[in-house]
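Please open the model in a viewer and keep the selection panel at hand. The stops below are visited in turn.

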Amino acid sequence: MSVHLHIRDQEQDRRLFMRRGIVAAVLATGLLLLLVARMFVLQVVDHQHYATLADGNRVRVEPIPPTRGLIFDRRGEILAENVPNYQLELIPEQVEDIGATLDALGAMIEIRESDRERFFRLLRSQRRFQPVPIRQNLTETEIARFSVDRQSFPGVEIRARLARHYPHGELTSHLVGYLGAISREDLNRIDRSRYSGTTQIGKTGIEFSYEPILHGGAGSRRVETNAQGRVIRTLDVREPAVPGDDLYLSIDLRLQRVAWDAMEGKQGAVVALDTRDGSVLAMVSRPGYDPNVLATGLDRTAFRAMESDPARPLFDRATRGRYPPGSTVKPFLGLAGLDANAMDPDHQVNCTGEFFIDGRDRPFRDWRREGHGPTDFKRAMAESCDIYYYMLAMELGIDRIHHYLTQFGLGSRAGLDIPGESAGLIPSREWKRRALGEGWFHGETVIAGIGQGYMLATPLQLAKATAALANRGELRRPRLLHGLRNAFTREFEAMAAPEPYRSELLDQINSNNWQLTVDAMVESIHGPRGTGRSIGFGAPYRIAGKTGTAQVFGLGEDEEYEHEEVAFHLRDHALFIAFAPAEDPKIAISVLVEHGGSGGGVAAPVARKVMDEFLLHRQEENDNGR
């Protein structure tokens, strides 16, 4: 048996090891070169690209909403202010499932259906990196609940914002207005870049009319955020926000409160104008509403309940309510009769309590069944004799009545600087033919003589026309804006009063006819048998006024009106117009009390309280602040 011995070739092993070492070194060097090349590409060639992506992950641009301007009355009393408010916000690009996130948030914080609707409406209109509010006015408890579990909600934050607050609530609701969520219609008319980061906009009143001045303009800033998207610090401000200017209204808040309190328990309106420049001193529509409730958001059910309230608190009776002017139209009609020589002021009409049109058996009755007896111009005005004005209306004819009354601004918008004002109606033959396709009847002319029939006017229009009477035909457009305070310089700029104007017709009325009319109105208040004499007693100044009672429904020939026996919604409206002092007018006023009955017993006392406050307590202060 032979033994085979294997002897290792050490030289061969060395060469094999060397080859393997060389291959390994080549592979390692190649991988290293690839790694170096990749690093070169990433850090040198594509540096800018990846640097931009990296910055985008931790830096974002945020809008800076402007601070809304404040609203004051003419003496600096605050009417609308900004107060801190904590709200829940969501940044869409940082939330994977928005619906699920809202559901989860709803388990710890109340999120109403209206909140969700507003959120999704705003979500569709904003960029995905901009925060969208979910809920406003969070309570301390809600803030605490969210803070405990905030790590579960990336992209959701609680932020302190400024919210609108109206310290006087319903007292100034109709004239100041309120802010509401930006709607789809709003988005179609505004410059969206100016509203970045803003979720509310003026809806009514001054808040709507002067929205561009109050709002200002949005700015932008770069902020650094953490991995959850929460802001760590502000890097820089790219464009500062432009705050809105402050507005000063012509309203005197104390006078406004006096008018409001005088209407306690009533539905209606009061409008007081400064006859010297047309500025609105007080404008009340009662009942009102709390604008703070609307500014913080009402759900649809609650808003509909407010809309369907039979007292109509959302309805501005001062500027939108159209009512038959009743006998308050008599001073204008009397002046027209004097100017047109339709009657002699000294001629006496024998008022028997009834008036007949030729060929008709049905009488038109006076408010006093037994009549006033022999009545001249002054007595007819003072005692509000209907028969006298039936006859005067027939002498003038409806077209001349239309012509004269429209010269005072009746029948058209007064031009106030807030939206929604209604036009009145002073009928004519042409109007009826065009609007109703019918001819005009004599009976319609007769009742136009006492402000009934088709004739309609708003309390604001009556106040403007009364101021024109006080100024002997000079009209001024009513205005609420008294001045501006610049947001940067803090300098106050008073608004120039609107230029007065008068028609050629009113300009040619002789001064004697103006004076006869004013004297007759004074007799209505200070005369022994005037219908407004209840407010003339003890007045330290003379008032030129006229009461009015407007029917809501027509009576049958043999029916008599008994105020207390008629359903409330069918009772007569009470009206009153006046200016004072009669010899040097400074204030003109109109009062309307829905279903109040007697103008002299219900509406005139309201006016007396307002005139007393202005002429005896407020006038000097307001003149100094003008």
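Which residue of strand 9 does Thr225 stand opposite? Select Thr225 and Val231: these two face each other, the latter in strand 9. The model is predicted, with local features requiring pLDDT of at least 70 and side-chain atom pairs pLDDT 80 or more, while totals for chains, interfaces and linings use all residues. Residues are numbered from 1 along each chain as its sequence is written, and side-chain values use heavy atoms, leaving out hydrogens and water.

Next, display strand 8 (residues 219-225), which is joined to strand 9 by six bridges in an antiparallel arrangement. Strands here are DSSP runs of E of at least two residues, and helices are runs of H or I of at least four, both numbered from the N terminus; two strands pair if DSSP finds at least two bridges between them. Add strand 1 to show the open antiparallel sheet of three strands, ordered 1-8-9. Strand 1 (59-64) and strand 9 (231-239) each have a single partner strand, so one side of each edge strand lacks a neighbour in the sheet.

Move to helix 10 (residues 253-262), whose buried residues (under 20% relative accessible area, 1.4 Å probe, protein chains only) include Leu253, Leu255, Trp260 and Ala262. At the start of helix 10, a side-chain oxygen of Asp252 comes to within 2.9 Å of the backbone nitrogen of Arg254.

Finally, select Ser327, in the loop between helix 12 (300-307) and helix 13 (330-339). An unreviewed UniProt entry annotates Ser327 as "active site"; such annotations may be inferred rather than shown by experiment. Ser327 is buried, at 8% relative accessible area. Among the residues that Ser327 touches (heavy atoms within 4.5 Å), leaving aside those up to four places away in sequence, are Ser384, Asp386 and Lys546.

Note on methods:
Buried < 20%, exposed > 50% of the residue type's maximum accessible area, 1.4 Å probe, protein only. Polar contact = N/O pair within 3.5 Å; in protein donor to acceptor, adjacent residues only side chain to side chain.
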